[in-house]
Amino acid sequence: MEIENKFHEKACWDLAQRTHTASLFYVFLWVLIAISTPVVRDLPIIAAIITLVFVLGMLLRFHLTSRFHRLFHPNPARWLRQYSLAVYSMTLTWGVFAAAINWYYPLLWPAYLTGFITAGIAAGGAINQSTHLHIQRSLIVTMLMPSALVCIALASFESRILALVYLLDMFFLVRLGATLHREYWEALVNTELLETRAQLLDAARLRAETADRAKSTFLAHMSHELRTPLNAILGFSQLFEHDETLTTEHHHGIGEIKSAGKHLLELVNDVLDLAQIESGHMQLVSEDVNLNGIISESLSLVEPLAVQRGIEVRMNHTANQLPLVRGNTTRLRQVLVNLLSNAIKYNREQGRVEVSCGAPAEGWVRVRIADTGIGIAEEHQPKIFRAFSRLGNPERKIEGTGIGLVITKQLIELMRGRIGFTSTPGQGSEFWIELPLTSNNPDA
Ligand code: ADP
């Protein structure tokens, strides 16, 4: 009901806006007929009535339009009744006047002039009053029908042709008016729908922004709340490790606490990283990264793990051979460490890991990390970059969180790089990353 009232008000407002100056045309065209034909002299009473009706109608229309909001809201039905009265009185008076001219001056200049103007006003009305079908139709019929009837009554061949023209004009305008009316209301409904949709979208965006802010605050708190106690657990277990008063059993228990704590800390860090990336809050500062240095650093970081597993890690290039790349040092180290530790973790006994570099295309460098490990089954390969896909590792009891590769991929993409892999089950895998070179290389 509310929406109907809104549409009704909008249509009435449009009607008032479109047609209030049209009443000026009636007066202007009437003056034109009065000065170019003998109507005033021959039909003074009719001329006086027309002048009076037009002036009053025009004043009423101006009044109803200029005070629209004040007059419409208390009683919309009364506003429309008064507006219709102003329009009908003018159109009916004009219609009767045009018919009288046809009667008094059959097939003469005043009749043609008036007929021409009448058809024009009716066409204008069909367009202007398309908001309200009943007003529009009554306007067309009251303007044209009296002249058509008079022309039929005149009974000459020419006047009947003229009657036919009036009737055809009326028929055409009624049809055109119906189309315009339908189009007007369709546009009104569509605009309303668009406005509603825009409001809904706005509300949804606001909700999403609020939720996003809440999530960021939550993550910041979580990060602190989770890491602080975990670090305390790890710190104390390290202290107890060196306590010689404890039994072997105790030491074994402390070892378990330390390893579980480390795993939990890794998981927390990874989940927080992923959450930060996915919420778009991770911003990487782009800088020139020394690939030589960062590969060496990453290799030293994974060395203890390699030694522990008996894996040989080789770097297939000599130091200072590699160019500078564009990326973020800390995050690139994180990427390399993750790929290297995977290559060690998922390797076979006495296996090998080889790091090599190449140029896949001009302006790019590719770092390859190949292992001689268990490889990845073909059916698992499409899922490799999905979160928490441990791909059959739980049975192997290899420590991991299942989100390292997701983070790696996202980080590489944030650095505008690329990542990929090839793998043969039972033989090994090769993971590669590609990064853009900087323009600061000596030979660039
Ligand atoms: P995590 O190692 O913590 O489980 P990742 O996201 O780094 O998590 O790896 C996801 C899964 O991909 C691993 O669980 C493992 O099954 C598989 N994977 C990753 N790297 C290798 C590799 N070099 N060789 C064999 N499988 C691998």
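Where in α11 does a kink of about 45 degrees lie? The legends below take up that question, using a predicted model.

**View 1. The kink in helix α11.** The kink lies at V302, with an angle of about 45 degrees. Follow the chain a little further and you meet the proline P304, since V302 comes shortly before it. V302 is also one of the buried residues of this helix.

**View 2. Helix α11 from end to end.** This helix covers residues 291-309, 19 residues in total. From its first C-alpha to its last it reaches 26 Å, close to the 27 Å expected at 1.5 Å a residue. Just after α11 comes G310, which takes a positive phi of about 70 degrees.

**View 3. The buried residues of α11 and their cover.** Alongside V302, the buried residues here are L291, I294, I295 and S298. Strands that help cover them include β1 (287-290), β2 (312-315) and β3 (324-327). Also among the covering elements are helix α12 (329-345) and the strands β4 (352-358) and β5 (364-371).

**View 4. The setting of α11 in the whole chain.** Stepping back, you can count 13 helices and 7 strands in the protein chain. Its C-alpha trace spans about 130 × 50 × 40 Å along the principal axes. The radius of gyration is 44 Å, whereas a compact globule of 444 residues would have one near 22 Å. Buried residues make up 27% of the 444 residues. Among contacts between residues at least 6 apart in sequence, 72% join residues at least 24 apart.

Technical notes: Residues numbered from 1 in each chain as written. Predicted model: local features only at pLDDT ≥ 70, side-chain atom pairs only at ≥ 80, totals over all residues. Helix = DSSP H or I, 4+ residues; strand = E, 2+ residues; numbered from the N terminus. Expected span 1.5 Å × (residues − 1). Bend = angle between axes of the 7 residues up to and from the residue. Buried ≥ 20, exposed ≤ 12 C-beta atoms within 10 Å, placed from the backbone. Contact = placed C-beta atoms within 7 Å. Rg over C-alpha atoms; globule rule 2.2 N^0.38 Å.
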